[in-house]
Amino acid sequence: MFSKGLLSADQFDRKDLLLFFKRVKQREFLKKRLQGRTGCLLFFEPSTRTKLSFEKAGLDLGIRWMSLEASRSSLSKKESLRDMYEVIAANEPDLLVVRDQYSGIAHFAHHWTKIPVINAGDGVREHPTQALLDAFTLWETDPKKKWKIVIFGDVFRSRVVRSHLPLFKKLGYPVSVVNDGSLETARFCKTYGLRLVPRSSTKKTDVVICLRVQQERGSEKKMAPLSIHDFGRKTKLMHPGPAVVGVDLTMELSAKDFPPSLIHRQRQNGRFVRSQLMKDILS
Ligand code: CP
């Protein structure tokens, strides 16, 4: 299942997904350290939580890390991406963790190197480990519940949502999207068969997943930030991060101790989910 690494969330079927979650919950990855394995962190776009959690998870497993930054690599001397990946492969790492602005680069990285690749976010295409930890966070909170999810924010430019959708479908979690009045959101929902719902729906759902306004990819702020007034008595809050306070959501919602928030749990689960994934790929 992981011979190529994890390029897309679509690689999981329902059975594999539930088994994976059970292993994460039992902290199966703690049982035996990996010996003599080397990983390569290739973060060519900014990252805090993904990079740090991969790094720490790997160190805990016994992985030794090499890393490269785009601005300090020979890409700045006009070397091609393909040549760069062939140089990386010549140094024989066992695993690549790749984040880049180019949609599809994780697939190319595997094709060029034949090394397992974990897609840590490729352009607007996918971010499977973030989706995996988000789905795990809901499943862990209540494994029997069919979580009703409303997404608030720019779905069109979200790579996380494109990885959420196959996982939530396999888990039987219904997904709808708050209508921000834009054509691109309407077209996204039509393409993926999602219901467009009014903002008031957030009060009646089980969980609201708030997404960042991605100015670097051309998102514009179309809605007032998500606020306490958007929450019903039992509604939970998630945000894959990084959250922009005052733009995506209010300060009150972003607080670590906001009772309905699962955001801190998402941050913690990043390391656990990525540990299990690397263990499964390298074992
Ligand atoms: N969610 C996410 O990918 O966050 P970072 O950009 O901080 O890694």
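## Exercises: a residue, two cores and two cavities

Arg27 sits in the loop that joins helix H1 (14-25) to strand S2 (38-43); helices (H or I, at least four residues) and strands (E, at least two) are DSSP runs numbered from the N terminus. The model is predicted, so local features need pLDDT of at least 70 and side-chain atom pairs pLDDT 80 or more, while totals for chains, interfaces and linings use all residues. Residues are numbered from 1 along each chain as its sequence is written, and side-chain values use heavy atoms, leaving out hydrogens and water.

**Exercise 1.** Work out whether Arg27 is buried, exposed or partly exposed, and find what Arg27 touches.

*Step 1.* Get the cut-offs straight: buried means under 20% relative accessible area, exposed over 50%, and partly exposed in between (1.4 Å probe, protein chains only).
*Step 2.* Arg27 has a relative accessible area of 22%, so we call this residue partly exposed.
*Step 3.* Now for contacts (heavy atoms within 4.5 Å). Not counting residues up to four places away in sequence, Arg27 touches Arg265 and Phe272.

**Exercise 2.** Find which residues of the largest nonpolar core touch the most other members.

*Step 1.* A nonpolar core is a set of buried Ala, Val, Leu, Ile, Met, Phe, Trp, Tyr and Cys residues joined through side-chain atoms within 4.5 Å.
*Step 2.* This core has 55 residues, and the ones touching the most other members are Phe21, Val97, Leu132, Leu138, Ile149, Ile151 and Met278.
*Step 3.* Helix H5 (residues 128-141) gives the most to this core, with 7 residues.
*Step 4.* Apart from that core lies another, of 15 residues, including Phe44 and Val117.
*Step 5.* Zoom in on Met278: leaving aside neighbours within four places in sequence, its contacts include Leu34, Phe54, Trp65 and Ile118.

**Exercise 3.** Describe the cavities of 30 Å³ or more.

*Step 1.* On a 1 Å grid over the protein atoms alone, a cavity is a set of points where a 1.4 Å probe fits but cannot get out, and lining residues have an atom within 4 Å of a point. Points are joined across faces, edges and corners, and a volume is the space filled by probe spheres set on them.
*Step 2.* There are 2 such cavities, and the largest has a volume of about 130 Å³.
*Step 3.* Its lining has 15 residues, with Gly153, Asp154, Val213, Lys222 and Met223 nearest the centre.
*Step 4.* The second largest cavity holds about 30 Å³. Helix H9 (residues 263-282) gives the most to its lining, with 3 residues.

Conventions:
On a 1 Å grid over the protein atoms alone, a cavity is a set of points where a 1.4 Å probe fits but cannot get out, and a pocket is an open set with protein on both sides within 12 Å along at least five of seven lines; lining residues have an atom within 4 Å of a point.
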